[in-house]
Amino acid sequence: MNAEHCKAYTLLQEQQIDDIHAHGYLLRHNKSGARVLLLETEDDNKVFNIAFRTPPADSTGVAHILEHSVLCGSREFPLKDPFVDSSKDP
């Protein structure tokens with residue numbers, strides 16, 4: 001990572017991650033405070049993810065129930081278990 005290209009960020013932590021053959025950088029966006037995790041590897045695949053912290057207000061399990069509801073599909077896209085279906089051989 002070239003720090004000169006990341007002037008809008010502050011480097012919080014840098015670490016070699018041998019288990020996945022990567023070098024990791026934890027950055028903070030100076031203007032918004034958003035944290036960014038950057039992993040450098042030899043892999044040519046490019047992947048990104050945006051996640052929001054959503055701590056539950058109680059222990060009723062509503063978030064887990066919603067997760068299962070969303071992953072069960074809909075009338076237009078009926079899919080009982082997308083993870084099982086995506087791992088099947090073509």
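How many nonpolar, polar and charged residues are in the lining of the second largest pocket? In this predicted model, the lining divides by class into 6 nonpolar, 1 polar and 2 charged residues. Two stretches of the chain supply these residues: Ala34, Arg35, Val36 and Leu37 are listed together with Asn49, Ile50, Ala51, Phe52 and Arg53. The volume of this second largest pocket comes to about 260 Å³.

The largest pocket, for its part, has a volume of about 420 Å³. Its lining is made up of 13 residues, and those closest to the pocket centre are Leu39, Asn45, Lys46, Val47 and Phe48. Sorted by class, the lining of the largest pocket holds 5 nonpolar, 3 polar and 5 charged residues.

Turning from the pockets to the surface, a nonpolar patch is formed there by Met1, Leu11 and Leu38, which together have about 210 Å² of accessible area. Met1 belongs to the segment that comes before strand S1 (9-17). With a relative accessibility of 31%, Met1 is classed as partly exposed, because that value falls between the 20% limit for buried residues and the 50% limit for exposed ones.

The backbone offers one more point of interest at His21. This residue sits in the loop between S1 and strand S2 (22-29), and its phi is near 50°, a positive value in a residue other than glycine. For context, most residues other than glycine have a negative phi. His21 has a relative accessibility of 65% and therefore counts as exposed, the cut-off for that class being over 50%.

How values were computed: Residues numbered from 1 in each chain as written. Predicted model: local features only at pLDDT ≥ 70, side-chain atom pairs only at ≥ 80, totals over all residues. Heavy atoms only, no water. 1 Å grid on protein atoms, 1.4 Å probe; cavity = no way out; pocket = protein on both sides within 12 Å on 5 of 7 lines; lining within 4 Å. Points joined across faces, edges and corners; volume = space filled by probe spheres on them. Nonpolar A, V, L, I, M, F, W, Y, C, P; charged D, E, K, R; others polar. Patch = residues over 30% accessible without salt bridge, like charges linked within 9 Å, V, L, I, M, F, W, Y side chains within 5 Å. Areas by Shrake-Rupley, 256 points an atom, 1.4 Å probe, with all protein chains shown as cover. Salt bridge = Lys/Arg side-chain N within 4 Å of Asp/Glu carboxyl O. Helix = DSSP H or I, 4+ residues; strand = E, 2+ residues; numbered from the N terminus. Buried < 20%, exposed > 50% of the residue type's maximum accessible area, 1.4 Å probe, protein only.
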